[in-house]
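Trainee: I'd love to learn how to read a protein model. Could we walk through this one together?

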Amino acid sequence: MKLPSMIKGWMITSSTPEALLKRYLTTRDNKFLALLIKQFNHSLYHYLLTLSDKELAEDVVQITWLKVLNIKNTSHEHTNVRAWLYTIARNTLFDELRKTQRWHYVVLDETQHASTNALTEKDDRLAAFNSALMHLPFYQREAFIFQQEGFSILEIAEMTNESFETIKSRLRYARKQLKTILGKDHE
């Protein structure tokens, strides 16, 4: 009896990200790395795109996968590959922003706030939300995006080397500022 490929996948326990990374590191077989890339490339790119521009996001994703490709140390057991990949991407983004001297804070002034409100009134909700998201300070936006990607507050704290309370505060301020920018009708 031939099983459908979807059911076959359920029986393979070695397809978890942790198992794929371990098999790649022990065998150096690129098919395992390709499976990891297939599983995480789009979400990594989306995360980076929300914190930078298209070109930089593409570059950082490639550099991230090159770093994974070139890892030599196989003694460390990665228990959360997803968080580990996002941490590599985050640190690589910081390096690239520093290198190109594009590391800066965006201060939201009243004219930007007014233009965002005008955008909210004439454009759809998604465009208004994305615009408001880009007006958040970098670290608040980063914490908010990590949470939207499904990471817990504890995981975000570990990935960013910040305290649990700092991440909670960043998330609270991000939500408060998004509500202010978008107005009460967009909650």
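Mentor: Happy to! One term first: two residues are in contact when they have heavy atoms within 4.5 Å. Please also keep in mind that this is a predicted model.

Trainee: With that in hand, which residues does Leu-136 touch, not counting those up to four places away in sequence?

Mentor: Start with its place, which is the loop between helix H7 (125–134) and H8. Buried means under 20% relative accessible area, so Leu-136, at 1% relative accessibility, counts as buried. Leaving out residues up to four places away in sequence, its contacts are Arg-141, Ala-174, Gln-177 and Leu-178.

Trainee: How far apart are the C-alpha atoms of Leu-136 and Ile-181?

Mentor: Along the chain, Leu-136 and Ile-181 are 45 residues apart. In space, the separation of their C-alpha atoms is 9.7 Å.

Trainee: Leu-178 was on that list. Is Leu-178 buried or exposed?

Mentor: Leu-178 belongs to helix H10. It touches Phe-129, Ala-132, Leu-133, Leu-136, Phe-144 and Gly-183, with residues up to four places away in sequence not counted. Its relative accessible area is 5%, and the limit for this class is under 20%, so Leu-178 is buried.

Trainee: What is the C-alpha to C-alpha distance between Leu-178 and Ser-131?

Mentor: In sequence, Leu-178 and Ser-131 are 47 residues apart. Across space, C-alpha to C-alpha, the distance is 9.9 Å.

Trainee: Let me zoom out. What percentage of the contacts between residues at least 6 apart in sequence join residues at least 24 apart?

Mentor: Some background first: the chain has 10 helices and zero strands. Of its 187 residues, 40% are buried. As for the contacts between residues at least 6 apart in sequence, the share that joins residues at least 24 apart is 64%.

Trainee: How are H8 and H10 placed, roughly parallel or roughly perpendicular?

Mentor: H8 covers residues 138–148 and H10 covers residues 164–182, and their axes are 8 Å apart. The angle between them is about 95°. Angles of 65 to 115 degrees fall in one class, so H8 and H10 are roughly perpendicular.

Trainee: Which residues of H8 make that contact with H10?

Mentor: On the H10 side, the contact uses Arg-170, Leu-171, Tyr-173, Ala-174, Arg-175, Gln-177 and Leu-178. The residues of the contact divide into seven nonpolar, three polar and two charged. On the H8 side, they are Tyr-139, Gln-140, Ala-143, Phe-144 and Gln-147.

Trainee: What about H9 and H10: at what angle do they pack?

Mentor: Ile-153, Leu-154, Ile-156, Ala-157 and Thr-160 of H9 meet Phe-164, Ile-167, Lys-168 and Leu-171 of H10. That contact divides into seven nonpolar residues, one polar and one charged. The axes are 9 Å apart, and H9 and H10 are roughly perpendicular to each other, because their angle is about 110°.

Trainee: Now the rings. Is the pair of Phe-138 and Tyr-139 stacked or edge-to-face?

Mentor: Phe-138 is buried at 8% relative accessible area, whereas Tyr-139 is partly exposed at 22%. Their ring centres are 5.6 Å apart, with 85° between the planes. Planes over 60 degrees apart set the class, so the pair is edge-to-face.

Trainee: Which residues do ring pairs link into a cluster?

Mentor: In total, the count comes to nine aromatic pairs. The cluster linked by ring pairs consists of Tyr-47, Tyr-86, Phe-146 and Phe-151.

Trainee: What is unusual about the phi of Arg-28 and Asn-161?

Mentor: Most residues other than glycine have a negative phi. Arg-28, in the loop between helix H2 (17–27) and helix H3 (30–51), has a phi of about 60°. Asn-161, in the loop between helix H9 (153–160) and H10, has a phi near 55°. Neither residue is a glycine, and the sign of phi is positive.

Trainee: Last one: over which residues does pLDDT stay under 50?

Mentor: For the chain, the mean pLDDT is 82, and 76% of the residues reach 70 or more. The stretch you ask about has six contacts beyond four places in sequence in the model. The stretch with pLDDT under 50 is residues 110–114.

Notes:
Residues are numbered from 1 along each chain as its sequence is written. This is a predicted model: local features need pLDDT of at least 70, side-chain atom pairs count only at pLDDT 80 or more; totals for chains, interfaces and linings use all residues. Side-chain values use heavy atoms; hydrogens and water are left out. Axes are lines fitted to C-alpha atoms, for helices over the stretch in contact, and angles run from 0 to 180 degrees between N-to-C directions. Helices (H or I, at least four residues) and strands (E, at least two) are DSSP runs, numbered from the N terminus. Angles under 35 degrees count as roughly parallel, over 145 as roughly antiparallel, 65 to 115 as roughly perpendicular and the rest as oblique. Ala, Val, Leu, Ile, Met, Phe, Trp, Tyr, Cys and Pro count as nonpolar, Asp, Glu, Lys and Arg as charged, and the others, Gly among them, as polar. pLDDT is the predictor's confidence in each residue, from 0 to 100. Rings of Phe, Tyr and Trp (its six-membered ring) pair if their centres lie within 6.5 Å; planes under 30 degrees apart count as stacked, over 60 as edge-to-face and the rest as tilted. Buried means under 20% relative accessible area, exposed over 50%, partly exposed in between (1.4 Å probe, protein chains only).
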